[in-house]
Amino acid sequence: MWHEQISDNQVTGLCNYNIFDSDPALKEALRSLGASWALEDCQEYGALMGSAPLLQHAVNANKHPPQLRMLKQADHQTAIISFHDSWHELLRNLFQQGVHADAWQSNAHVRRAALFYLHGQTEAGSLCPVTMTFASIPALKYESWFEMLVPHLYSREYDASDQPLEGKKGMMIGMGMTEKQGGSDVRANTTIAEPSGQFAHTQTYRLNGHKWFFSSPLSDAHLVLAQSKGELSCFYVPRWCPDGQLNGVQIQALKDKMGNRSNASAEVLLQNAWALPVGEPGRGIQAIIKMVAQTRLDCVLGSAALLRQAVVQAVYHARHRRVFGKRLVEQPLMQMVLCDLVLESEAAMWLSMVLAHAMENRHSDLSRAYARIVTPAAKFWVCKRAVETVAECMEVWGGNGYVEDGPMPRLLREAPVNSIWEGSGNVMCLDVLRALRNEPELTEILLGNLSAEAGMHALLSQAINTLKMRLRHDAYELEYGARQVVQELILLAQATLMCHYAPSYVADAFIQSRFSPGGRIVGAYVYADPQEILKRAVVF
């Protein structure tokens, strides 16, 4: 276990602790959302993720990022990507818990979300291939050839070998959507798909083009967008062809990223790459949309995890560091800062877990409203807030937080990626407006639910009325104020969830600090009873 170095007032690193046991709010979420049966799994995984060996694996995987080597053969050139052993250990743990696929079979999305959230507090980059594998299943499961993938896709064995699928025990699926000329505007993609033959009673294609960001390039397959007869379609592109030959997906370079360094992202050239169509021809966007809700939710979960770990580190440091004759946590102004951070973290956790619960209950109208409208709003808000709040947690450490010996620099470098990936902030806000406009029944259900939950609190009642009035503006004016609309919507969602699930003193503190007039800087609000909030935050 950790111990405090009293002599020099330096706080030793936090390790050998149970990430789950130290989080009372997460335990309450599992109980409240019908996943009490998963408490034991989460407790075991929390102990593993907080153990010294796993924390060291996280450090290793980021200090030794994947490396690309080009091997020249007699008639071609092959790209080899090597990963540190710690990367494989991190992924092996995720697969052993079934985080990559199980919830689609068991409908246990809250359990999966909790395990994802726990893992993300230790190492975030290894979540990326798992997210894409998990999100690909709704897009693929209706294809006639999907049953050929099932034994590998649902296997809990992580298999890092690079060989045809027939020789493997498990598999991963990545995504290759982005091209240099389009970015988020995938309709500008120029990769071309042309018919080439038949496989399993399905038309096959050959793809030619370039992908600017090809996530997890050694995955066993990727979902790719390409133009077919002038229309954008979705395709399944395996790494190895059915004849046992390496497919025409040539890795050109690995991205030198600011964060997410343990995970490989590549530029690739598609040269006659063998592919199977996914979904209907010309409806590539519709096929990918089946993945989007899940990948965006995982962005929210990942950012909530980074935020939680940063808060844990800040509170732990403040409890052990002495400044001006007191522990940092006893200093009044520091208490205000920490309370703000704690509430931000808990609100993000409840929001992400309720969105996961909506996946379990996706046939209810309210769950559909949360999935369609609140998910992109949550991605906008939580992912952006994580950047600011992780930086604030670093400041609690002072100069020590800025040094690579500790965890804070890695957490801060990792924080922006979720805000960018799967649609940046403006894309999310415009998508929320689109959902509010195009799904009037879901909009009415969501606003009705927020109004009912907000009715017991004057500040929330006023906020919901303001939001409803703003939504009456014409489309042109709404687009200018899209970020304001989304901020108001998501804060209302977080506040009502806190009222419904969290202790009253926590919910009231969140509402008073987020809806009372004043600045938005962390620590600006004065909390009436900071000790209770901080006592609940992190239990060691």
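Which residues does Tyr236 touch, not counting residues up to four places away in sequence? Select Tyr236 in this predicted model and show its surroundings: the contacts are Leu140, Trp145, Leu149, Met171, Ile173, Ala221, His222, Leu223, Trp274, Ala275, Leu276 and Val278.

Stay there and colour by burial. Tyr236 has 5% relative accessibility, which is under the 20% cut-off, so it counts as buried. Now widen the selection to the largest nonpolar core, which has 181 residues. Tyr236 is among the members that touch the most others, along with Leu207, Leu223, Leu338, Met353 and Tyr370. Leu223 also turns up in the contact list of Tyr236. As background, nonpolar side chains in soluble globular proteins tend to be buried together.

Next stop: the aromatic rings. There are 11 aromatic pairs in the whole structure. Start with Phe83 and Trp87, a stacked pair with 5.3 Å from centre to centre and 20° between the planes. Both of these residues are buried.

Then go back to Tyr236 and add Trp145. Their ring centres are 5.0 Å apart and the planes meet at 45°, so this pair is tilted. Zoom out a little to see what it joins: Trp145 sits in the loop between α7 (127-140) and α8 (150-153), while Tyr236 belongs to strand β9 (residues 231-238), so the pair ties together parts that are 91 residues apart in sequence. Trp145 counts as buried, because its relative accessibility is 3%.

For one more ring group, pick Tyr17, Tyr316 and Phe540, which ring pairs link into a cluster.

Now for charges over rings. Select Arg112 and Phe134: the arginine lies over the face of the ring, 3.8 Å from its centre. Lys255 and Trp212 are another case, with the lysine over the ring face at 3.4 Å from the centre.

How many disulfides does the structure hold? Zero. Click on Cys15 to check: its nearest cysteine sulfur is that of Cys393, 19 Å away. Is Cys42 buried or exposed? It counts as buried, because its relative accessibility is 0%. Cys15, on the other hand, is partly exposed, with a relative accessible area of 23%.

Finish on helix α18, residues 482-501. Put a distance between its end C-alpha atoms and you should get 28 Å. That agrees with the 28 Å span expected for 20 residues at 1.5 Å a residue. Colour α18 by burial too: the helix is mostly covered, with 14 of its 20 residues buried.

Technical notes:
Residues numbered from 1 in each chain as written. Predicted model: local features only at pLDDT ≥ 70, side-chain atom pairs only at ≥ 80, totals over all residues. Heavy atoms only, no water. Helix = DSSP H or I, 4+ residues; strand = E, 2+ residues; numbered from the N terminus. Expected span 1.5 Å × (residues − 1). Buried < 20%, exposed > 50% of the residue type's maximum accessible area, 1.4 Å probe, protein only. Core = buried A, V, L, I, M, F, W, Y, C linked by side-chain atoms within 4.5 Å. Contact = heavy atoms within 4.5 Å. Phe/Tyr/Trp six-rings, centres within 6.5 Å; stacked < 30°, edge-to-face > 60°. Lys NZ or Arg CZ within 6 Å of the ring centre and 35° of its normal. Disulfide = S-S within 2.5 Å.
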